[in-house]
Amino acid sequence: MKKITLALLMGTALLTCKKNKTASECGDKVCTEEFASVMIKFVDNKGIGAEVKDFNVINQRTGERVTANSSVYTSTAKGVFIVVDDQNKLNLSEQGDDLKITGTSVDNQQTRSVVVKVSGGKCACHVVKISGPDQVAFN
């Protein structure tokens, strides 16, 4: 009798588990635990990292300023900036957004802008750079 009761309880538990499963709108995904970011480097006319002021990133789709949270805590090499990181992925589209990156050289006051396309989205594991330069050169 105990075996029959135990078998019924196990069967009920298994059926209940199947009924409570819901389909994820993102499907079955396995993501790594790495933390991804997209960086850009500003260089002078000799290819050496340039000191930059007024660094700014604007999402061209939304018109909003983008700030990579990890850039606050990360000390990078001269002229290297974190554009976006995985904490920004929910604010980016799956198709990719054009991010306008602007900086002004401290040495010659020259301002340069480039556009980098980066994807993210609710179902993305990480931000991914689709296109655009890796560095910006001042004359």
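**Exercise 1. State the handedness of the Cys26–Cys123 link and locate its two ends.**

The link of Cys26 and Cys123 is left-handed, with -75° about the S-S bond. This pair joins distant parts of the chain, 97 residues apart: Cys26 sits in the loop between α1 (2-20) and β1 (37-43), and Cys123 in the loop between β5 and β6 (128-131). The model is predicted. In it, the two sulfur atoms are 1.9 Å apart, which is within the 2.5 Å cut-off for a disulfide. Cys26 is partly exposed at 26% relative accessible area, whereas Cys123 is buried at 15%.

**Exercise 2. Find the partner of Cys31 and give the disulfide pattern.**

The sulfur atoms of Cys31 and Cys125 are 1.7 Å apart, and the two residues form a disulfide. Cys31 is in the loop between α1 and β1 and Cys125 in the loop between β5 and β6, so this pair ties together parts 94 residues apart in sequence. With -65° about the S-S bond, this link is left-handed. The count comes to two disulfides, and their pattern is 1-3, 2-4 when bonded cysteines are counted along the chain.

**Exercise 3. Describe the setting of Asp54 and Gln109, two residues that have a positive phi although neither is a glycine.**

Most residues other than glycine have a negative phi. Asp54, with phi of about 55°, lies in strand β2 (residues 52-59) and is exposed at 57% relative accessible area. Gln109, with phi of about 60°, is in the loop between β4 and β5 and is partly exposed at 44%.

**Exercise 4. Which backbone nitrogen lies 2.7 Å from a polar side-chain atom of Gln110?**

Gln110 is in the loop between β4 (97-105) and β5 (111-119). The backbone nitrogen is that of Asn139.

Terms used: Residues numbered from 1 in each chain as written. Predicted model: local features only at pLDDT ≥ 70, side-chain atom pairs only at ≥ 80, totals over all residues. Heavy atoms only, no water. Helix = DSSP H or I, 4+ residues; strand = E, 2+ residues; numbered from the N terminus. Polar contact = N/O pair within 3.5 Å; in protein donor to acceptor, adjacent residues only side chain to side chain. Buried < 20%, exposed > 50% of the residue type's maximum accessible area, 1.4 Å probe, protein only.
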